[in-house]
Amino acid sequence: MTQTVEQEAQSTQRKLLSWVILLAGIYAILLSVGMVGSGFKWASGGTEGARELFEFATNPFVALLIGILATSLVQSSSTVTSVVVGLVAGGLPIEIAIPMVMGANIGTTITNTLVSLGHIRKKSEFRQAFAAATVHDFFNLMCVVMFLPLEIIFGFLEKSSAWATSFLVGGDSMSIKGFNFIKPLTKPVISDIKHFLASVLPEKAAAIGLIVLGILAIFAAITIIGRVLKSLMVGRAKAILHGAIGRGPVTGIASGTVVTVLVQSSSTTTSLMIPFVGSGVFKPRDIYPFTLGANIGTTITALLAATALSGAGAAVGMQIALVHLFYNLLGVVVIFGIPFLREIPLTLAERLAEVATKRHSLAALYVLTVFFIIPSACVLIMSGLS
């Protein structure tokens, strides 16, 4: 009897320790994603670098590519769309700003794709994780392919957002920064690491060093989380998590939206799901709706930035923020709402994951090509022709 009690106590202690380790691993993911994003911002000049890049926007297609590139560099669609709100209020044409916002949606997906690379050492885990990450890529690419030509021809987002703006401009400024509990947890540590690197390395080298450390931390965190999840996510714990996220499309979308509104970062929200897929707790199909909810939730930052504007630019600032919201809502309703369209991003992501699992170098090539090489080359070529 005594031995049984002792065994139960030891089992409870092991479970408690496992939960502590899991929380530490999740914190490490948050920290590492923050380090990569901060490193990219540091290397590219941050918000000011994004502003300078936007000066090259001369037509909708260049604006789209700049939106992709700027968000890939700054690692935050929230930051980029907030900058776009300010630029529109300062005179940037709305028809140029709309493709930028669409491009920001694509660029933000790079973060969870990088996180999925943490599973690259185990083929079965990597295939699932990479598919779960890239379904976000393909969904946002589909949105652009479908809606950008329609916007250029008919201007439906510009017109609908202008109509809605007439009812909203004039409200009081809002802020929910106090709800963002992620930054206070990670920012001090990242600041200390940046300060240390800056004290021993030149600025650019320090920025690259921060990115490298962040990527290494992702690999370490994925390893920790993967081992712990296999023992913890059985029985009741797995059922509770599936009840919150994997119960159905509506629940998944709502969960993704709420979490992203609270942390104000779709990159963080979607990145946290990748280890769960890689470890077998969820399948890519399970977190697909959650990802779409993150797309909707991330629009809160631009909306809040717009409410703080006043004067002549307030109306157009709110208008572009509403474009972001309407565009992401429309993507969910049309693509996810129509069964045969819904399957396309998932099918493409799974096929790409199969290829990348066989040749890991293709995964890295995919990230570099889609998010950096193609947008940069096109921007340089088109700006040279103009």
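**Helix packing around helix 16**

Q: Which helix does helix 8 pass in a right-handed crossing?
A: Right-handed means that the near helix is turned clockwise from the far one by less than a right angle, and anticlockwise would be left-handed. Helices here are DSSP runs of H or I with at least four residues, strands are E runs of at least two, and both are numbered from the N terminus. The right-handed partner of helix 8 is helix 16.

Q: What kind of model is this?
A: Residues are numbered from 1 along each chain as its sequence is written, and side-chain values use heavy atoms, leaving out hydrogens and water. Local features need pLDDT of at least 70 and side-chain atom pairs pLDDT 80 or more, while totals for chains, interfaces and linings use all residues, since the model is predicted.

Q: At what angle do helix 8 and helix 16 cross?
A: Axes are lines fitted to C-alpha atoms over the stretch in contact, with angles from 0 to 180 degrees between N-to-C directions. Helix 8 covers residues 156-168, and its axis comes within 8 Å of that of helix 16. That makes helix 8 oblique to helix 16, the class left over once under 35 degrees is roughly parallel, over 145 roughly antiparallel and 65 to 115 roughly perpendicular. The crossing angle is roughly 120°.

Q: How many charged residues sit in the contact of helix 8 with helix 16?
A: Contact means heavy atoms within 4.5 Å. On the helix 8 side, F156, E158 and L168 are among the residues that meet helix 16, whose own set includes M318, Q319 and F326. Asp, Glu, Lys and Arg count as charged; Ala, Val, Leu, Ile, Met, Phe, Trp, Tyr, Cys and Pro as nonpolar; the others, Gly among them, as polar. Twelve residues of this contact are nonpolar and four polar, and the charged count is one.

Q: How far apart are the axes of helix 7 and helix 16?
A: Helix 7 (residues 123-154) packs against helix 16 (residues 314-336) at about 95°. That makes helix 7 roughly perpendicular to helix 16. Their contact has twelve nonpolar, two polar and no charged residues. The axes are 10 Å apart.

Q: Is S124 buried, partly exposed or exposed?
A: S124 is found in helix 7. Buried means under 20% relative accessible area and exposed over 50%, with partly exposed in between (1.4 Å probe, protein chains only). At 47% relative accessibility, S124 is partly exposed.

Q: What is the C-alpha to C-alpha distance between S124 and T357?
A: S124 and T357 are 233 residues apart in sequence. In space, their C-alpha atoms are separated by 8.2 Å.
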